[in-house]
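Student: Could you take a close look at one loop with me, then work outwards to whatever is packed around it? I'd like to follow along on the screen.

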Amino acid sequence: MSIDTRAAAPQHRTTPAAPRRGRPARRRRLLGNPVAGFGPLIWLLVVLVPLYTLVSASLMRQDEALNGDPLAIPTDPTFENYRTVLDSGFLTLIGNTALVAVATVAIVLVLSVPVAYVAVRTRSRLSSLAFRTFLLGVAIPAQAVIVPLYLMIGKLGLYDTLWAIILPTAAFAMPVAVLVLSGTMRDVSEEMYEAMALDGASPVRMLWQLAVPLSRAGISTVAIFSALQAWNGFLFPLILTQSEERRVLTLGLFNFMSQFGVNIPAVLAAIVLSVIPIFAVYLVARRALINGLMGVGGK
């Protein structure tokens, strides 16, 4: 009697090898995301092409700027346009604008740092109401209050002075400054405040020895923001000043547009000279500006 051993014998089946999953992922990492890289490239061209045109046209002669290609490299670059602008009282405009910017930053920092500290450390209804009042100033445009502001400046005897520009500019920069600084100071841990309080530190000492050093990023952000507001302000100098000696850069550029209305390279040279100082400040403090803006929301 024969026994069929084919059913009892184990059947060995070969299983297909598992696909390698690491190779496509590695390939995708090497190739990157072309769409995400194409977007910043377009944005870079949008920013750099006008800057290149601005600088190159400021180095051209009048006939070359009007009849030539705006994207072409100047065949015979000249600095005569810059000399024309500098001989037209441009240094006075730079000095007035720098004075306004420095005074505005000083006022904003001296006032907004204690206000933000009180808003963060005090839990009373009065401090909460004051903080909300400051935030309400973000929604009020300068154009809405320019008439009562003009009357107030006239009553105080500050019309046609640099203080007529400094004080309103600082006032309109205060709400954003308090918002940024309060968000930065909220990131300071409560345990550090309690440790200083146990050592007998007063609130003023905790402000200057703890909150201010740990809020350097927010303070730098506020300083840069206030300086930009003062440097680029146009409405207050236009309405609240009149004489040539009190003019700032924005109003001076506006007058250059009429004085050099036909001389386009001279106007562009004035714009280049006005951008250089504040752009240098931004390059130095750009990292602190980004870190401060990231901490606006607080905890």
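Tutor: Let's settle one term before zooming in: helices (H or I, at least four residues) and strands (E, at least two) are DSSP runs, numbered from the N terminus. This is a predicted model, in which local features need pLDDT of at least 70, side-chain atom pairs count only at pLDDT 80 or more, and totals for chains, interfaces and linings use all residues. Residues are numbered from 1 along each chain as its sequence is written, and side-chain values use heavy atoms, with hydrogens and water left out.

Now the loop. Find Asp 160, in the stretch between helix 7 (146-155) and helix 8. Most residues other than glycine have a negative phi. Asp 160 isn't glycine, yet its phi is positive, near 65°.

Step from that loop into helix 8 and look at its partner, helix 6. The two pack at an angle of about 125°, their axes 7 Å apart (axes are lines fitted to C-alpha atoms, for helices over the stretch in contact, and angles run from 0 to 180 degrees between N-to-C directions). That makes helix 6 oblique to helix 8: angles under 35 degrees count as roughly parallel, over 145 as roughly antiparallel, 65 to 115 as roughly perpendicular and the rest as oblique. The crossing is left-handed, a label used if the near helix is turned anticlockwise from the far one by less than a right angle, with right-handed for clockwise. On the helix 6 side, Phe 131, Phe 134 and Leu 135 make the contact (heavy atoms within 4.5 Å), while helix 8 brings Met 174, Pro 175, Val 178, Leu 179 and Ser 182.

Leu 135 is a handy spot to park the cursor. It belongs to helix 6 (residues 125-136), and beyond its neighbours within four places in sequence it is in contact with Pro 175 and Leu 179. Its C-alpha is 8.0 Å from that of Val 178, though the two are 43 residues apart in sequence. At 29% relative accessibility, Leu 135 counts as partly exposed; the scheme calls a residue buried under 20% relative accessible area, exposed over 50% and partly exposed in between (1.4 Å probe, protein chains only).

Compare that with Thr 104 in helix 5. With 0% relative accessibility, Thr 104 is buried. Not counting residues up to four places away in sequence, Thr 104 touches Ile 166, Thr 169, Ala 170, Ser 226 and Ala 230.

Carry on along the chain to the next pair. Helix 9 (residues 190-198) and helix 10 (residues 203-214) pack at about 155°, with 11 Å between their axes, and are therefore roughly antiparallel to each other. Their crossing is right-handed. Met 192, Tyr 193, Met 196 and Ala 197 of helix 9 meet a helix 10 set that includes Arg 205, Met 206, Gln 209 and Leu 210. Helix 10 also holds Pro 213, which is partly exposed at 29% relative accessible area. In the loop between helix 10 and helix 11 sits Ser 215, buried at 0% and in contact with Thr 184 and Met 185 once its neighbours within four places are set aside.

Where do the nonpolar side chains gather? The largest nonpolar core (buried Ala, Val, Leu, Ile, Met, Phe, Trp, Tyr and Cys residues joined through side-chain atoms within 4.5 Å) has 28 residues, and Tyr 82, Val 85, Phe 90, Val 100 and Phe 256 touch the most other members. Helix 8 (163-185) is one of the helices that each supply at least two residues, and helix 14 gives the most, seven. Leaving aside neighbours within four places, Phe 90 is in contact with Val 85, Leu 249, Phe 256, Ala 270, Leu 273 and Ser 274. Apart from this core lies another, of 26 residues, with Val 108, Val 188, Met 196 and Ala 201 among them.

Zoom out and the chain has 14 helices and zero strands. Of its 299 residues, 34% count as buried. Among contacts with a separation of 6 or more, 74% join residues 24 or more positions apart.
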